[in-house]
Protein chains: 2
Amino acid sequence: MDKEEKTAIPPEKLSKILDVAQKRFARFGLAKTTMSEIADDLGVSKASLYYYFPDKECIFKKVVVKEQSDFCQQMKKILASDKKITSTLKDYIENRTSYFKTLINLGHLNYDAFHAQKPLYASLGKEFYEKEKEIIKTLLQNAKKRNEIKKIDIDEYAGFFVHVLRTLRLYALGRKELWEQGSMDKELKQEYTFFTNIFLKSIENI
Amino acid sequence: MDKEEKTAIPPEKLSKILDVAQKRFARFGLAKTTMSEIADDLGVSKASLYYYFPDKECIFKKVVVKEQSDFCQQMKKILASDKKITSTLKDYIENRTSYFKTLINLGHLNYDAFHAQKPLYASLGKEFYEKEKEIIKTLLQNAKKRNEIKKIDIDEYAGFFVHVLRTLRLYALGRKELWEQGSMDKELKQEYTFFTNIFLKSIENI
């Protein structure tokens with residue numbers, strides 16, 4: 001899991017490999033994807049892929065880290081706005097659901113970790129948790145400066161907020177009927193919204 | 001899953017079977033328990049067990065329903081108190097964690113459902129959700145009568161409260177390090193408490 005790429009890859013080549021691998025992992029998951037398949041998708045030999053990467057886990061890790069940074073970049077745009085926390089946080093959860101639809105590997109990390117207990121999933125999941133917590137912290141700190149919220153332990157509240165989003169999502173991903181009805185996103189948005197309202201009411205300065 | 005006992009069982013006999021089966025299921029789970037083992041634990045022949053029950057799922061169902069009613073009975077005692085909702089709800093979550101330590105089959109239902117996708121787990125889990133929601137509804141209704149909380153959609157809030165407790169618990173049960181450190185209960189109580197505080201602050205009449 002801590003193995004890294006063996007030889008430095010030219011950025012363009014790396015970007016192409018990650019794009020192709022991202023699609024395959026998103027469709028079939030880490031377990032059901034092989035190095036040969038990624039090589040085939042790229043139209044290169046397996047050997048040439050192994051030249052750069054020791055194993056598929058190493059590629060997977062890079063794909064997820066890329067998805068994390070795409071996610072954070074998009075989310076930081078929301079932070080940059082000058083709107084009140086009530087509307088920023090709602091924008092945040094709205095976008096969170098939509099992004100996970102495109103960043104499938106990232107969106108499934110927790111679910112996969114839960115099922116496979118693979119240390120790689122767990123460590124990537126933890127990393128993402130910390131990044132998301134930082135975003136929410138900044139958001140709460142900005143709101144505090146503008147006196148929109150009460151005096152709270154911002155670190156603790158940010159961590160708990162992200163934790164609940166994660167648990168709600170994990171639970172929903174395990175509900176077969178939501179997949180069958182195609183109502184996963186709708187359900188999750190409702191739950192996120194309900195929670196965000198409770199969360200905001202509990203910290204708002206009134 | 002909808003098969004019921006074949007022949008009416010004398011209550012004393014049933015109670016003994018369920019006690020014994022409850023222990024075995026708690027220790028080994030439904031999948032790793034056989035009718036022969038339950039019969040052995042009871043010191044009776046397998047045939048005599050099959051005389052009353054078509055399969056182990058039928059016994060498991062009865063065990064879980066019994067655990068549900070034990071749980072609800074204990075929880076209703078808390079409801080009967082005349083204390084304010086802030087302290088009743090805290091009592092509730094305190095007891096919830098402790099009870100799941102003794103009502104192991106009930107406490108693992110969601111986790112098992114998540115892993116095995118067995119309709120029996122899902123239906124028993126849903127049943128328990130509805131029962132727990134009713135308890136929280138009564139609690140909120142009592143608080144409303146005493147004017148302790150704002151005007152809210154009590155049904156929706158009760159449902160969401162129970163839902164979050166369940167998702168937090170499911171997530172925690174999947175975290176290997178909590179098992180290893182023996183810190184599951186401590187972690188869950190902390191998370192329940194944090195959530196309950198947010199929940200209460202968002203509905204309290206001030």
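**Exercise 1. State the domains of chain A and describe the contact between them.**

Solution. Chain A is divided into domain 1 (11–57) and domain 2 (64–203); such bounds come from an automatic or database domain assignment. This is a predicted model, in which local features need pLDDT of at least 70 and side-chain atom pairs count only at pLDDT 80 or more, while totals for chains, interfaces and linings use all residues. Residues are numbered from 1 along each chain as its sequence is written, and chains are lettered from A and ligands numbered from 1 in the order in which they are written.

Step 1. Taken over C-alpha atoms, the centres of the two domains of chain A are 29 Å apart.

Step 2. Six residues of domain 1 and five residues of domain 2 make the contact, where two residues are in contact if their C-beta atoms, placed from the backbone, lie within 7 Å.

Step 3. On the domain 1 side, helix α1 (residues 11–28) of chain A gives the largest share, four residues. Helices (H or I, at least four residues) and strands (E, at least two) are DSSP runs, numbered from the N terminus.

Step 4. By class, this side of domain 1 has three nonpolar, two polar and one charged residue. Ala, Val, Leu, Ile, Met, Phe, Trp, Tyr, Cys and Pro count as nonpolar, Asp, Glu, Lys and Arg as charged, and the others, Gly among them, as polar.

**Exercise 2. Work out how α9(A) and α11(A) are oriented to each other.**

Solution. Step 1. The axes of helix α9 (residues 154–173) and helix α11 (residues 184–203) of chain A come within 10 Å and cross at roughly 155°. Axes are lines fitted to C-alpha atoms, for helices over the stretch in contact, and angles run from 0 to 180 degrees between N-to-C directions.

Step 2. α9(A) and α11(A) are therefore roughly antiparallel; angles under 35 degrees count as roughly parallel, over 145 as roughly antiparallel, 65 to 115 as roughly perpendicular and the rest as oblique.

Step 3. Residues of α9(A) in the contact include Tyr157(A), Phe161(A) and Arg169(A), and those of α11(A) include Glu187(A), Tyr192(A) and Phe199(A). The contact has twelve nonpolar, no polar and three charged residues.

**Exercise 3. Describe the side of chain A that touches chain B.**

Solution. Step 1. In the contact, 15 residues of chain A meet 15 residues of chain B.

Step 2. α9 and α11 of chain A each supply at least two residues of the chain A side, and α9(A) gives the largest share, six residues.

Step 3. The chain A side divides into nine nonpolar, four polar and two charged residues.
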